[in-house]
Structure formats: C-alpha cells, structure tokens
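This report goes through one structure part by part. Please keep the sequence and the 3D view open while reading.

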Amino acid sequence: MSDVSGMPAAKGPLIYRQSIWTRVTHWIWAICLFFLLLTGLQIFNAHPALYIGQESGFEYENAILEIGAFNTDAGPRGRTTIFGQTFDTTGVLGMSGAAERPVFTAFPGAVTIPSYRDLGTGRVVHFFFGWIFVATMLVWFVASFINGHIRRDIVPGPSDIKGVPRDVAEHATLRFKHGRSYGPLQKLAYFSVFFILFPLIVATGLTMSPGINAAAPWMLDLFGGRQTARTIHFIVMVLLVAFFIIHIAMVLLAGPFNELRSMITGWYRASPGTPSIEGDKP
Amino acid sequence: MSRLITRRNFLRSSAIAGSGLVLAGCNQFDFLGSKENQVRKVMEQANVLTYQVQRQLIGAQTLAREYSASEIRQGMKPNGSVEPSTPEYMFLQAQNFANYKLTVKGMVEREVSFSLEELRNMPARSQITRHDCVEGWSCIAKWTGTPLGPILDMAGVKSEARFCVYHCFDNIQRTLSGDILYYESSDLIDAYHPQTILSYGLNDQVLPVSNGAPIRLRIERALGYKQPKYLHTIELVDDLSPFGQGKGGYWPDQGYDWYGGI
C-alpha cells in the first residue's frame with residue numbers, strides 16, 4: 001500500500017526495523033502465551049487459592065487470594081477474597097454462566113482451555129507450550145545478543161533514562177515518535193518483559209515441580225517456598241496480561257498498519273525527519 | 001480532534017474484537033480434551049520430554065527436601081479415596097489389618113509377602129516432606145516406613161523388569177460395570193530411591209485410614225497421585241499397557257501425565 005498523503009516531504013524513510021529472529025519469535029510467543037494463559041487459568045481453577053510459604057494453610061491462614069462460591073440466603077454467590085478483603089464477584093469469578101445453569105469455577109469457562117473443568121488436559125497443553133516458550137526464549141536471547149537487538153533496542157541506556165519524563169509527556173498527549181529504535185518507555189517495557197517477567201515466570205513454574213525441587217532446592221529458598229513460587233507465577237501472569245493490553249493499545253494508537261507491517265515484513269515507516277541511511281527505502 | 005475519535009473507535013472495536021477472540025477460545029479447543037485426538041497425542045510428547053530431561057538432570061539418589069519438625073503446622077490433608085468400601089478392605093480394616101499382606105510379584109526371582117507386623121519390624125526411615133497435590137496445594141508431614149528398595153531386593157527383581165505397578169484396595173471410582181480400583185506405577189529409579197518408603201506412620205501416629213492405612217507408598221519427588229494409598233501388591237513388569245486403560249495409573253488413564261514429577 002502506498003502513502004496517499006501526496007506529500008513525499010512529510011514522509012519518513014521506510015526502514016528495516018525487525019529482524020527475522022524478532023518477528024518469528026514474537027509470533028511464536030504470542031501463540032504460546034495465549035495457550036499458557038488459558039490453560040494456566042484452568043490449572044488454577046483446580047485449587048483456586050494462592051498462599052505465601054512452603055505449604056497451603058488448611059488449619060491456619062496463609063492465603064492471600066481465594067476464589068469460591070458460597071451459599072447465602074439469596075442463593076449461591078461467587079466470592080473473591082484478596083488480602084482479607086472479600087468482594088462479591090458473582091458472574092465473573094467463583095460463579096458464572098447463565099442464571100438457571102450457573103458454573104461454579106473460579107475463572108469462567110470462557111477464559112479456560114478446555115472450557116469445562118479438565119485439569120489433566122490443561123496440564124498437557126500448558127507444558128507443551130511451556131517447552132516451546134522456553135525454547136523460543138533461548139533462540140531469542142542468542143539471536144538478539146548476536147545481532148545487537150538487545151544492546152541497541154532493549155537495554156535502556158543513560159540517555160533513555162534521561163528521556164523518560166519527556167517520553168511520558170509525549171505518550172500522555174498521544175504523540176508518538178517512530179524512530180529507528182525504541183523510545184525510553186518502550187525499552188523499559190520490553191526490558192522488564194524479557195529480563196524480569198519471562199525469566200521469573202519460567203523459574204517460578206519450575207519451582208512448582210517436585211522433581212526440580214530435588215535437583216535445585218535453592219530455588220525453593222530463592223522464592224520463599226513452593227506456594228510462594230505459585231503465587232509469584234500468578235502475579236507475573238497478571239503483569240504479562242497488563243503488558244499485553246498496553247501493548248495492543250499502543251499498536252492501535254501508534255498506527256496499527258505500520259506496526260503490524262514491521263512485525264510481519266520487518267519494514268517500518270519512520271517519522272518524518274528521521275535521517276535516512278543506506279538500506280532504507282523511500 | 002477527529003483523529004482522537006478515530007483512535008477511540010479503534011480502541012472500542014479492538015476491545016470487541018479482542019473479547020470475541022477470547023470467547024471463541026472458550027470451547028474451540030475442547031477437542032484437546034479427547035484422549036484420542038492426534039494433536040493432543042503430539043502435545044503429550046512434551047511430558048515424555050519432561051520425564052527424560054528430569055531423569056538426566058536429577059540424580060537417581062538426589063533427595064527431595066526434608067523439613068524440620070517445626071514446619072509441620074497442620075495435619076495431613078486427606079484427598080481422593082478416604083474410606084475404601086471394597087469388601088476385601090473392610091474385612092481387613094475390621095481386624096485392624098492383622099491379616100494384611102503386602103505381596104511383591106511379577107518379574108521377580110521369588111514372590112514374597114509381608115505382614116504389617118513384619119514391615120514395621122524392618123529398618124525404618126522417617127522423613128518430613130512436602131506433599132504436592134496435582135491440584136496445586138502442598139502440605140508438610142512426617143512419614144515413617146520401611147524403604148522399598150531392600151524389599152524389592154528380597155524378591156529379586158529380574159533384569160527385564162522396567163516398572164513397578166502398585167495395586168491398591170480403594171475403589172476410587174464406581175461405575176455401572178463395577179468398581180475401578182486405584183493403581184499407579186513408577187520406573188525402578190523411583191522405586192529404589194532412598195526416600196521411597198512403604199509408610200505406616202504419619203506425624204508419629206499410626207497411618208490413618210483417610211491417608212492410606214495400612215500402607216501408603218511415598219515417592220517424594222513426584223506429585224500426590226504418585227503416592228498410592230491402601231497398597232497391597234507390587235508387581236514388576238516390563239510393560240504398563242495391560243493395566244487399567246494402559247497409561248500406568250488411575251489418573252494417567254484420566255489424561256494426567258504418567259511421570260508426575262512436574
């Protein structure tokens with residue numbers, strides 16, 4: 001598709017921004033995270049509570065989140081208790097579905113795979129995509145280290161840190177600069193995902209494996225116990241969902257055609273005034 | 001200004017499209033729940049990979065973490081079968097398991113049986129370990145019993161044996177065509193692991209019925225469903241397919257991974 005503005009001077013150069021490694025790993029991750037999230041919620045539904053410590057308190061209290069259904073005088077209601085505060089979440093958490101045929105699962109079937117209660121299948125699919133997710137992470141780290149993507153676009157430098165206030169102001173007024181690399185907030189977001197959230201969700205997932213616990217008991221100490229690791233795994237999931245929502249919003253606000261093209265073909269239309277270099281297209 | 005509205009519309013339409021995608025996700029992938037599905041069978045290979053990688057990564061003798069006595073803060077949560085109702089079990093239970101026998105058979109040099117009294121008089125091991133249920137919860141308790149390895153040696157495991165099948169008394173599921181009895185299996189590495197014990201004691205008391213009396217096997221580096229309760233026979237085999245639905249255990253037959261170390 002060609003630019004229809006008719007003013008070539010107002011157009012920045014078309015730059016080759018995303019390498020094949022970045023594009024392929026991006027879409028494999030997108031598929032993996034979709035299945036990992038929906039099967040993860042299925043697995044959570046098998047015991048919809050999160051605890052702090054080595055074990056789950058049944059005769060004492062160490063839960064920070066509990067989702068369930070309870071009988072009241074007005075019939076069953078869905079309830080969510082978080083840090084001791086109880087909320088009525090009927091219709092979404094604890095109890096959902098049609099009024100005449102309610103479903104008493106923590107997360108509703110609309111966001112679990114399978115849609116019905118099936119922990120065994122949830123685990124099969126979760127671990128399958130878990131392996132692909134981790135393998136893709138290894139490929140991305142090696143490729144991005146070698147081709148300079150990490151150094152150039154991901155790790156924020158001193159100038160990025162200084163540029164944060166200005167970048168915040170620009171985002172607040174929905175004015176986006178499309179440069180050769182990422183802006184300060186983009187770098188901080190991607191750095192957090194690749195260097196904090198991704199490693200953390202994999203490590204806390206492994207800490208839930210009794211086999212891995214035997215091989216690497218230090219991981220239990222690092223995360224403060226198996227149940228704390230499970231809680232962190234869940235919190236990182238929530239943060240990744242938040243990242244996904246902002247990510248999609250930013251793509252839509254910054255120009256979905258240009259952003260999608262760069263993640264499919266690699267070619268990205270930079271802002272007017274971006275200096276051209278060799279290899280750019282007009 | 002008009003640009004902002006366009007963006008707003010973009011957001012609104014994308015939210016609708018996004019929620020549509022999620023709703024479409026709800027039962028579009030239910031076919032994966034069918035055990036005969038070819039895609040599922042491919043995905044199940046990930047569990048084989050997990051098993052092989054963990055066997056390479058974790059030494060055969062590497063112990064599961066043992067906790068201190070102060071970390072036992074509650075009773076052991078019973079789960080699954082808590083009161084078997086098969087006549088064989090109820091008969092033994094009525095006599096306080098005086099006539100109970102644990103049998104080791106199959107690919108062994110000699111079939112052997114032990115009474116509960118004999119098992120209690122064998123060298124004992126106590127361990128405070130964390131029990132992890134596949135559902136997601138954990139519970140720390142002290143288990144006392146006699147290691148399985150020496151008992152297998154007494155029977156003389158033949159070199160062609162690859163697995164132990166653990167047969168249990170409890171009718172975990174009742175169907176129109178009769179009771180389905182619980183069973184499990186493990187490889188010989190888990191069977192000979194130093195913490196794999198035939199437990200008869202829990203938290204310094206006699207193992208209660210709700211937790212698997214008279215004998216519950218502990219395989220400490222695996223999930224709870226690999227710790228068969230109400231155990232009566234250990235059969236050494238080279239193939240798991242003749243038992244149950246052929247997946248090596250009651251829960252594996254229901255679609256859970258056989259290894260259970262994750």
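## A helix pair within chain A

In this predicted model, helix α6 of chain A passes helix α9 of chain A in a left-handed crossing. On the α6(A) side the contact is made by A:Ala189, A:Val193, A:Leu197, A:Leu200, A:Ile201, A:Thr204, A:Gly205 and A:Thr207. The residues of α9(A) that take part include A:Arg226, A:Ile232, A:His233, A:Met237 and A:Phe243. Two packed helices are described by the angle between their axes and the distance between the axes. Here the axes come within 9 Å and cross at roughly 150°. Helix α9(A) covers residues 226–254.

## Helix α6 of chain A

How many residues does α6(A) have? The helix has 24, running from 184 to 207. From its first C-alpha to its last, α6(A) reaches 33 Å, which is close to the 34 Å expected at 1.5 Å a residue. The helix has a kink of about 35°, and this kink is centred on A:Val193. A:Val193 is also one of the residues through which α6(A) meets α9(A).

Which residues of α6(A) are buried? They are A:Pro184, A:Gln186, A:Lys187, A:Phe198, A:Ile201, A:Thr204, A:Gly205 and A:Thr207. Among these buried residues are A:Ile201, A:Thr204, A:Gly205 and A:Thr207, and these four also appear in the contact with α9(A).

## A helix pair between chains A and B

Helices of the two chains also pack against each other. Helix α2 of chain A, residues 119–146, packs with helix α2 of chain B, residues 38–57. Their axes are 8 Å apart and make an angle of about 70°. Because of that angle, α2(A) is roughly perpendicular to α2(B). The crossing of α2(A) over α2(B) is left-handed.

From α2(A), the residues that meet the other helix are A:Val124, A:Val125, A:Phe127, A:Phe128 and A:Trp131. In α2(B) their partners include B:Arg40, B:Met43, B:Glu44, B:Leu49 and B:Thr50.

## Chain A as a whole

The secondary structure of chain A consists of 10 helices and six strands. Taken along the principal axes, its C-alpha atoms fill a box of roughly 70 × 50 × 35 Å. Chain A has 282 residues, and 32% of them count as buried. Among contacts in chain A with a separation of 6 or more, 62% are between residues 24 or more positions apart.

## Cis peptide bonds

In chain A, a cis peptide bond joins A:Ile113 and A:Pro114, with omega about -10°. A:Pro114 is in the loop between β5 (85–88) and α2 of chain A.

In chain B, B:Ala213 and B:Pro214 are joined by a cis peptide bond, with omega about 0°. The loop that holds B:Pro214 lies between β8 (205–206) and β9 (216–218) of chain B.

## Positive phi angles in chain B

B:Asn96 is not a glycine, yet its phi is positive, at about 55°. The residue sits in the loop between α3 (87–94) and β1 (101–106) of chain B. B:Asn96 is exposed because 12 other C-beta atoms lie within 10 Å, and 12 or fewer is the cut-off for exposed.

B:Asp204, another residue that is not glycine, has a positive phi near 65°. Its place is the loop between β7 and β8 of chain B. Is B:Asp204 buried or exposed? With 10 other C-beta atoms within 10 Å, B:Asp204 is exposed.

## Two further residues of chain B

B:Thr196 is in the loop between α6 (188–192) and β7 (197–202) of chain B. This residue counts as buried because it has 25 C-beta neighbours inside 10 Å, and the cut-off for buried is 20 or more. Leaving aside neighbours within four places in sequence, B:Thr196 is in contact with B:Pro147, B:Leu148, B:Asp190, B:Ala191, B:Arg218 and B:Ile219. B:Asp239 is 43 residues away from B:Thr196 along the chain, and their C-alpha atoms are separated by 21 Å.

B:Gly201 belongs to strand β7 of chain B. With 16 C-beta neighbours inside 10 Å, B:Gly201 counts as partly exposed. Apart from neighbours within four places in sequence, its contacts are B:Thr144, B:Gly145, B:Val206 and B:Leu207. B:Gly201 and B:Ser126 are 75 residues apart in sequence, and their C-alpha atoms are 8.6 Å apart in space.

Conventions:
Residues numbered from 1 in each chain as written. Chains lettered and ligands numbered in written order. Predicted model: local features only at pLDDT ≥ 70, side-chain atom pairs only at ≥ 80, totals over all residues. Expected span 1.5 Å × (residues − 1). Bend = angle between axes of the 7 residues up to and from the residue. Axes fitted to C-alpha atoms, helices over the stretch in contact; angles between N-to-C directions. Parallel < 35°, antiparallel > 145°, perpendicular 65-115°, else oblique. Left-handed = near helix turned anticlockwise from the far one by under 90°. Contact = placed C-beta atoms within 7 Å.
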